[in-house]
Amino acid sequence: MAAAETSNSDSSSSNLGIIVQNNPSDSQLSQLGIKSWPKWGCSPGKYQLKFDAEMTCYLLRGKVKVYPKGSPSSTAAEFGAGDLVVIPKGLSCTWDVSVAVDKHYNFDSSSPPSSSPSS
């Protein structure tokens, strides 16, 4: 049902429901509170991931190609150091990390992991 999407914006792009914003302003990063978010890093390699909640992350360093599970490699999303990235809830994918990643991340508290019963 999703239509092919073309973007003429220099600052952000969307692929697989992943939103990549290149070089967000310091004021935007400050407003989001990026520096108070937890940090995570990994060495180059391929990682199978499933996101049970929406995740926003800011890459301090690294380069990643994300391939959705069961989709052709031509649908990969790419991002790297200096990018602010939003990964949608429910995405199962492979992260192909070509340059070691160091990032701040935050999971959306309004979409709890599916293993948590809602009350």
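Colleague: Let's start with Asn 23: in the loop between which two elements does Asn 23 lie?
Modeller: Happy to help, and keep in mind that this is a predicted model. Strand 2 covers 18–22, and helix 1 covers 26–32. Asn 23 sits in the loop that joins this pair, between strand 2 and helix 1.

Colleague: Is Asn 23 buried or exposed?
Modeller: A residue counts as exposed when its relative accessible area is over 50%. Asn 23 has a value of 62%, so it is exposed.

Colleague: What is the phi of Asn 23 near?
Modeller: Most residues other than glycine have a negative phi. Asn 23 is a residue other than glycine with a positive value, and its phi is near 45°.

Colleague: Nice. What pattern does the protein chain follow along the sequence?
Modeller: The chain has one helix and eight strands. Read in sequence order, the pattern is β-β-α-β-β-β-β-β-β.

Colleague: Which strand gives the most residues to the largest nonpolar core?
Modeller: That core has 18 residues, and Ile 18, Val 64, Val 66, Phe 79, Val 85, Ile 87 and Trp 95 touch the most other members. Two or more residues come from each of strand 2, strand 5 (55–68), strand 6 (77–80), strand 7 (83–87) and strand 8 (92–107). With five residues, the one that gives the most is strand 5.

Colleague: Which residues does Val 64 touch, leaving out those up to four places away in sequence?
Modeller: Val 64 is one of the core residues that touch the most other members. Beyond four places in sequence, Val 64 touches Leu 59, Ala 77, Glu 78, Phe 79, Trp 95, Asp 96, Val 97 and Val 101.

Colleague: How many residues are in the second, separate core?
Modeller: Its members include Leu 29, Ile 34, Trp 37 and Leu 84. The size of this second core is five residues.

Colleague: Now to His 104: is it buried or exposed?
Modeller: His 104 lies in strand 8. Buried means under 20% relative accessible area. At 8%, His 104 is therefore buried.

Colleague: From which residue does a backbone oxygen lie 3.4 Å from a polar atom of the His 104 side chain?
Modeller: The residues that His 104 touches include Lys 35, Trp 37, Pro 38, Thr 56 and Tyr 58, as well as Ile 34. The backbone oxygen at 3.4 Å belongs to Ile 34.

Colleague: Last one: what percentage of the protein chain's residues count as buried?
Modeller: The accessible surface comes to about 7,300 Å², with 49% of it belonging to carbon and sulfur atoms. Of the 119 residues, the buried share is 31%.

Definitions and conventions. Residues numbered from 1 in each chain as written. Predicted model: local features only at pLDDT ≥ 70, side-chain atom pairs only at ≥ 80, totals over all residues. Heavy atoms only, no water. Core = buried A, V, L, I, M, F, W, Y, C linked by side-chain atoms within 4.5 Å. Buried < 20%, exposed > 50% of the residue type's maximum accessible area, 1.4 Å probe, protein only. Helix = DSSP H or I, 4+ residues; strand = E, 2+ residues; numbered from the N terminus. Contact = heavy atoms within 4.5 Å. Areas by Shrake-Rupley, 256 points an atom, 1.4 Å probe, with all protein chains shown as cover. Polar contact = N/O pair within 3.5 Å; in protein donor to acceptor, adjacent residues only side chain to side chain.
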